[in-house]
Amino acid sequence: MKAYLISSLGFIVVILLFSSWGIVEGNEIYPEKSFIDGKVVPEINCADCHSDLTQLSYKHEPATDACDNCHSANENKHPEGQGREFKLVDDMPALCYMCHEEPSKRIIHAPVEAGECAICHSPHSSDNRHLLMNKEISGLCYECHD
């Protein structure tokens, strides 16, 4: 009986210790309980608030797999950091080249060469093939070209 009480007491102490820890989700530590629209949410992940980023027809696989494929937390607390809570895991274009091959043609489109892939392509999802921002290629081109 004594051993049962001691083990039960030990179990309760362990539960109390762990209950004060934060929940780790996507490289971010959230408080034990988060509040969304005034409601207590015990566990939260990026898609709970940002599902709109990957709901379109064509999805960028790394974005649907896990946000920390491309993003990592910094010292700013989320969501109070007003969009400055996360940074990219690498500079552009190295981030894209972690999965995509670098262009090897003799003439490379200037935004590609400058690592500005997101000028034409969505990093999350799009209703257009190849994750293009604009369905009409000519419309997309005319945003920069005459």
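This passage walks through a few local features of the structure, which is a predicted model.

A good place to begin is S125, which sits in strand β8, a strand made of residues 125-126. With a relative accessible area of 6%, S125 is buried. The side chain of S125 has polar partners in the backbone: one of its polar atoms lies 2.7 Å from the backbone oxygen of L53, and a polar atom of the same side chain is found 3.4 Å from the backbone nitrogen of L56. Beyond its neighbours within four places in sequence, S125 is in contact with L53, T54, Q55, L56, Y58, K59, H60 and L131. L53 and L56 thus appear both among these contacts and as the backbone partners of the serine side chain.

L131, another of the residues in contact with S125, belongs to the loop between β8 and α6. L131 is buried because its relative accessible area, 13%, falls under 20%. The backbone of L131 also deserves a look, as its phi is near 60°, a positive value in a residue other than glycine. H130 likewise has a phi near 60°, again positive and again in a residue other than glycine. H130 is found in the loop between β8 and α6, the helix of residues 137-141. In contrast to the buried L131, H130 counts as exposed, at 57% relative accessibility.

On the other side of β8 in sequence, the loop between α5 (110-113) and β8 holds A114. This alanine counts as partly exposed, with a relative accessibility of 47%. A114 and M92 are 22 residues apart along the chain, and their C-alpha atoms are separated by 8.3 Å. M92 leads in turn to a further backbone feature: the peptide bond from M92 to P93 is cis, with omega near 0°. P93 is placed in the loop that runs between β7 (86-88) and α4 (94-97).

Finally, the cysteines can be considered. The structure holds zero disulfides. For C49, the nearest cysteine sulfur is that of C46, 8.7 Å away, and C49 is in no disulfide. C141 is in no disulfide either, its nearest cysteine sulfur being that of C120, at 7.1 Å. Both residues fall in the middle class of accessibility: C49 is partly exposed, with a relative accessible area of 43%, and C141 is partly exposed, with a value of 35%.

Methods: Residues are numbered from 1 along each chain as its sequence is written. This is a predicted model: local features need pLDDT of at least 70, side-chain atom pairs count only at pLDDT 80 or more; totals for chains, interfaces and linings use all residues. Side-chain values use heavy atoms; hydrogens and water are left out. Helices (H or I, at least four residues) and strands (E, at least two) are DSSP runs, numbered from the N terminus. Buried means under 20% relative accessible area, exposed over 50%, partly exposed in between (1.4 Å probe, protein chains only). A polar contact is a pair of N or O atoms within 3.5 Å; within protein, one must be able to donate a hydrogen and the other to accept it, and residues adjacent in sequence count only if both atoms are side-chain atoms. Contact means heavy atoms within 4.5 Å. A disulfide is a pair of cysteine sulfur atoms within 2.5 Å.
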